[in-house]
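Subject: A structure for you to look at

Hi,

Here is the structure I promised to pass on. Please open it next to this email and follow along as you read.

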Amino acid sequence: MNRDWIEKDFYKTLDVSDEASTEEIKKSYRKLAQKHHPDANAGDAKAEEKFKEISEAYATLSNAEQRKEYDQIRRVAGPGGFQGFGGQPGGFGGQQVRVEDIQDLLGGFGGAGDLFGFGSGSRGGPSRGSDLQTDLTISFDDAAHGTTTTIKVRGATTCSRCGGVGAEPGTSVTTCPTCGGRGVVAQNQGFFSFSQPCSQCRGAGQLIETPCSTCRGSGSENKTREVKLKIPAGVSDGSTLRLRGKGGPGANGGPSGDLLVRLRVTTSRTFGRKGNDLTLTIPITYTEATLGTKIDVPTLNGGVKVKVPAGTPSGKTFRVRGKGIAPERGRSGDLLVTVQVAVPNKVSRAEKKLLEELAALESDEIRDHLR
Ligand SMILES: [Zn+2]
Ligand SMILES: [Zn+2]
């Protein structure tokens, strides 16, 4: 007998009436299972829990013998369970009911000690799935602007054939008779009760007659799947994106793990990067530096003009505000333009002549000033 049964309304879970035929139950189950299937609700722990409940309800109601047993308990306890001791529904009329009375009514749970933890409904250890990690290389531009991409992930995932139940579709899943579906058994030590994982079902709470042909009953399969990934603008090399619920499947109704995507960002031919600031070096000539000029500077979105005032020393950096990386959250970076006076290693005859004239004009005073 399953103690959980008096707390659960399987008919309500499957959205059918108490009188529903096997066919009606099956039909409703299929509809609900599809809707709450983990594959269709990746990362949604609520849907996963619901899917588990639906599976459990169907496992009981689809088995004629178990359904009969369950109906019997419901007749005693009332639909929807006891709602706590001394509760209104269920024919106890709000009276104070002793544990022994319930035990008698239900035909015994197999020892009073077994009633420790009554109503907790705890199952044999739902556990969270493992985190999976993968690397992804993206371009400098994609990192700056953000992008949407699809990555292939190989690893454990909820079995697509059985939806993680572990049973071949259409075959029955029975509640483990040893632990009554709880996955744990109580060991009595005098006045105390200790819970241990059930040895018959190994904590799953269910016994599978025909294991799923794809996953052989494990409920998970290794396969390559595609995961859609939104990369926010402004990510940097070495950063990791965490995709909740896209990792390995959980066990016994536990949530899936996360998928960790470590990003590698390629370098840019044009820009360097310091946090959200972009850096850039532009060569200018000696005359441009001396007389001043306006230079064309590329940015992530088109070019801008930067004024280089007369008398600009080589190596001076100009800050163009807001033209750096614009992250999805937070302040945009700047573009830092450093001008470098380029010295030609070859000059024309005319240039040489002018430079020589210039050299003759340069006073010792200027030379001293420069040094
Ligand atoms: Zn399977
Ligand atoms: Zn068991």
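Below is what turned up in it, starting with some ground rules.

This is a predicted model, in which local features need pLDDT of at least 70 and side-chain atom pairs count only at pLDDT 80 or more, while totals for chains, interfaces and linings use all residues. Residues are numbered from 1 along each chain as its sequence is written, and chains are lettered from A and ligands numbered from 1 in the order in which they are written.

**Confidence and overview**

pLDDT is the predictor's confidence in each residue, from 0 to 100. The chain has a mean pLDDT of 80, with 81% of its residues reaching 70 or more. Be careful with residues 79–124, where the pLDDT is below 50. Beyond near neighbours in sequence, that stretch still has 64 contacts in the model. (Two residues are in contact if their C-beta atoms, placed from the backbone, lie within 7 Å.)

The chain comes to 9 helices and 15 strands. Both are DSSP runs numbered from the N terminus: helices are H or I with at least four residues, strands are E with at least two. Of the 371 residues, 27% are buried. Buried stands for 20 or more other C-beta atoms within 10 Å of the residue's own, exposed for 12 or fewer, and partly exposed for anything in between, with C-beta atoms placed from the backbone. Among contacts with a separation of 6 or more, 65% are between residues 24 or more positions apart.

**The cores**

A nonpolar core is a set of buried Ala, Val, Leu, Ile, Met, Phe, Trp, Tyr and Cys residues joined through C-beta atoms within 7 Å. The largest one has 22 residues, and Leu14, Ile54 and Tyr58 have the most contacts inside it. Three helices, α1 (10–13), α2 (22–36) and α3 (45–61), each supply at least two of its residues, and α3 gives the most, with 6. Where does this core lie? It sits between domain 1 (1–121) and domain 2 (122–172 + 209–267), because both give residues to it. (The domain bounds come from an automatic or database domain assignment.) A second, separate core has 18 residues, including Ala143, Val235, Phe271 and Ala289.

Back in the largest core, take a look at Tyr58: leaving out residues up to four places away in sequence, Tyr58 touches Leu14 and Tyr29.

Now find Ser21, in the loop between α1 and α2. Is Ser21 buried or exposed? Exposed, because 10 other C-beta atoms lie within 10 Å of it. The C-alpha atoms of Ser21 and Leu61 are 9.9 Å apart, although 40 residues separate the two along the chain.

**Two open sheets**

Two strands pair if DSSP finds at least two bridges between them. One open sheet has 3 strands in the order β1-β9-β8, with mixed pairing. Its edge strands, β1 (132–138) and β8 (240–243), each pair on one side only. From one strand to the next, the twist averages 25°. For that angle, axes are lines fitted to C-alpha atoms (for helices, over the stretch in contact), and angles run from 0 to 180 degrees between N-to-C directions. β8 runs antiparallel to β9 (residues 259–265), joined by 4 bridges; one partnership to look for is Leu243 with Leu259 in β9.

Another open sheet has 4 strands in the order β10-β11-β15-β14, again with mixed pairing. Here the edge strands are β10 (272–274) and β14 (317–320), each pairing on one side only, and the twist averages 30° from one strand to the next. β14 pairs with β15 (residues 335–341) in the antiparallel sense over 4 bridges, and Arg319 has Leu336 of β15 as its bridge partner.

**Two strand pairs to compare**

β12 (residues 293–298) and β13 pair in the antiparallel sense over 6 bridges. In β13, Ile295 finds its partner in Val306 and Asp296 in Lys305. The hairpin has 4 residues between the strands, and Gly302 takes a positive phi near 80° there. None of the 6 residues of β13 (residues 303–308) is buried, so the strand lies largely in the open.

β4 (residues 184–189) and β5 also pair in the antiparallel sense over 6 bridges, with Ser195 of β5 as the partner of Ala186. How many of the 6 residues of β5 (residues 192–197) are buried? The number is 0, so β5 lies largely in the open.

Cheers
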